[in-house]
Each structure stands twice: as C-alpha cells, then as structure tokens.
Amino acid sequence: MDAYAAASHLIDYHRRRSGLAVWSHTEVKECVKQEEQYKVVAVNGCRIQCKYVVIAAGFEAGAFLPEKVMDLTSTYAIISQPVDEQFLWHKHSLIWETKEPYLYIRTHGNRIIVGGEDENFKNPVLRDKLLRKKWLFWKKRYINYSRRSLS
C-alpha cells in the first residue's frame, strides 16, 4: 500500500464530505490539550482551535507526545552515477557487513548505493549539519571500495 496516497485520499474525502480543514507544511510551535479541544500555535503566529489533532511529522512527532516513545537514529547513504553492468556483482545481491557500525552495499538499477554507519541523535538541526561531513566520508569510502574491487 502506498501510505502517502492512502492518507491523501482519506484527507481529500473528509475535506469534501465534512469540511475538514488541513494545514500542511505548517511548523507547529505549541500544541496544548485544553478541556475538550486543542490549541495549536504555528511558528508563523496562526492559532488553530480544534477537537482533534493528527500529527504527521515523522520523527519530529516526538516533540508533541506526552512521553518518550522512540530513540532517533540517522543512517547515511551515497548513490553512484550509472555504472556499466560489467562492474555490478552477481544478481545485484545485497552485501551487508554486520560489524558495528554496519555497512551495506546494494544496487538500484545500474547504480551502486553504499550506506550505514547509523548514529543516534536528538537534534535534527545538528544532525543535518553533519551531512556534508558524512557525504565526504562516504564518497571517500565508496571510491576506495570501488578502486580495490575493480582493479
């Protein structure tokens, strides 16, 4: 099932049938349960009062939950430019190194994907600052892997 398409159709159905109001791409600063409703304040200053709130914020939903229910982990991957079929391995098998931190190598069509090296994180802004560093690390590691395996 395509969860995104299913949710989109469900939302659209209720918008047409019962006048459901939807605020997408709206960063929420505060969500407070009051007696029989919620008060939601957006970063842009808009205020919403409603009977129900659906939080579809992925890993950032934890900020609005009453207790911690998850540990956040980021994984990293890099994908190659298209590669000639002769350089891809038998049946495009998944290669998985199980040591910690783990490493996997797989294909997608005629591209090679290398990834792993998960890291725990609590702050998505700090995690995103690591992306350039991680990209350089994976690029170097991938190139070294490619030179050893193709020479």
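**Exercise 1. Classify Asn44: is it buried or exposed? Then place it in the fold.**

Step 1. Take the relative accessible area of Asn44, which is 58%. The model is predicted, and the value is computed from it.

Step 2. Apply the cut-off. Exposed means over 50%. Asn44 is therefore exposed, because its relative accessible area is 58%.

Step 3. Locate the residue. Asn44 sits in the loop between β2 (38-42) and β3.

Step 4. Look for a partner distant in sequence. Thr26 is 18 residues away from Asn44 along the chain. In space, their C-alpha atoms are 8.3 Å apart.

Step 5. Check the turn. The hairpin of β2 and β3 has 4 residues between the strands. Within this hairpin, Gly45 has a positive phi near 95°.

**Exercise 2. Work out the strand order of the sheet that contains β1, β2 and β3.**

Step 1. Count the bridges. β1 and β2 share 5 bridges and run antiparallel. β2 and β3 share 4 bridges, again antiparallel.

Step 2. Name some pairs. Val28 faces Ala42 of β2. Val41 has Arg47 of β3 as its bridge partner. Tyr38 is bridged to Cys50, also in β3.

Step 3. Assemble the sheet. The 3 strands give an open sheet in the order β1-β2-β3, with antiparallel pairing. β1 and β3 are the edge strands, each pairing on one side only.

Step 4. Add the geometry. On average, neighbouring strands here are turned by 15° against each other, direction ignored.

Step 5. Describe the other connection. A hairpin of 4 residues links β1 to β2.

**Exercise 3. Which strands form the open sheet of 4 strands, and which ones are at its edges?**

Step 1. Write the order. It is β4-β7-β6-β5, and the pairing is antiparallel.

Step 2. Find the edges. β4 (73-79) and β5 (95-97) each pair on one side only.

Step 3. Give the turn between neighbours. The average is 20°, direction ignored.

Step 4. Verify the β4 edge. 6 bridges join β4 to β7 in antiparallel fashion. One of the pairs sets Ile79 against Ile113 of β7.

Step 5. Verify the β5 edge. β5 is joined to β6 (residues 103-108) by 3 bridges, and the two run antiparallel. Here Glu97 has Leu103 of β6 as its bridge partner.

**Exercise 4. Sort the side chains of β4 by face, then find the largest nonpolar core.**

Step 1. Recall the general pattern. In a regular strand, side chains alternate between the two faces of the sheet.

Step 2. Apply it to β4. Ser74, Tyr76 and Ile78 point to one face and are buried. Thr73, Thr75, Ala77 and Ile79 point to the other face and are not buried.

Step 3. Follow Ile78 inward. It belongs to the largest nonpolar core, which has 8 residues. The other members are Val83, Leu88, Trp89, Leu103, Ile105, Ile112 and Val114.

Step 4. Assign the core to strands. β6 and β7 (111-120) each supply at least two of its residues.

Step 5. Set this in context. Nonpolar side chains tend to be buried together in soluble globular proteins.

**Exercise 5. Describe the largest pocket: what is its volume, and which residues are closest to its centre?**

Step 1. Start with the volume. It is about 1500 Å³.

Step 2. Find the centre. The lining has 33 residues, and the closest to the centre are Trp23, Ser24, Val54, Ile55 and Ala56.

Step 3. Trace the elements. α1 (3-18), β1 (28-33) and β3 (47-50) each give two or more residues to the lining. The largest share comes from α1, with 7 residues.

Step 4. Break the lining down by class. There are 23 nonpolar, 7 polar and 3 charged residues.

**Exercise 6. Do the same for the second largest pocket.**

Step 1. State the volume. It is about 220 Å³.

Step 2. Identify the lining. It has 13 residues, and Lys68, Met70, Asp71, Leu72 and Lys122 lie nearest the centre.

Step 3. Split the lining by class. The result is 7 nonpolar, 2 polar and 4 charged residues.

Notes:
Residues numbered from 1 in each chain as written. Predicted model: local features only at pLDDT ≥ 70, side-chain atom pairs only at ≥ 80, totals over all residues. Heavy atoms only, no water. Pairing = 2+ DSSP bridges. Axes fitted to C-alpha atoms, helices over the stretch in contact; angles between N-to-C directions. Core = buried A, V, L, I, M, F, W, Y, C linked by side-chain atoms within 4.5 Å. Buried < 20%, exposed > 50% of the residue type's maximum accessible area, 1.4 Å probe, protein only. 1 Å grid on protein atoms, 1.4 Å probe; cavity = no way out; pocket = protein on both sides within 12 Å on 5 of 7 lines; lining within 4 Å. Points joined across faces, edges and corners; volume = space filled by probe spheres on them. Nonpolar A, V, L, I, M, F, W, Y, C, P; charged D, E, K, R; others polar.
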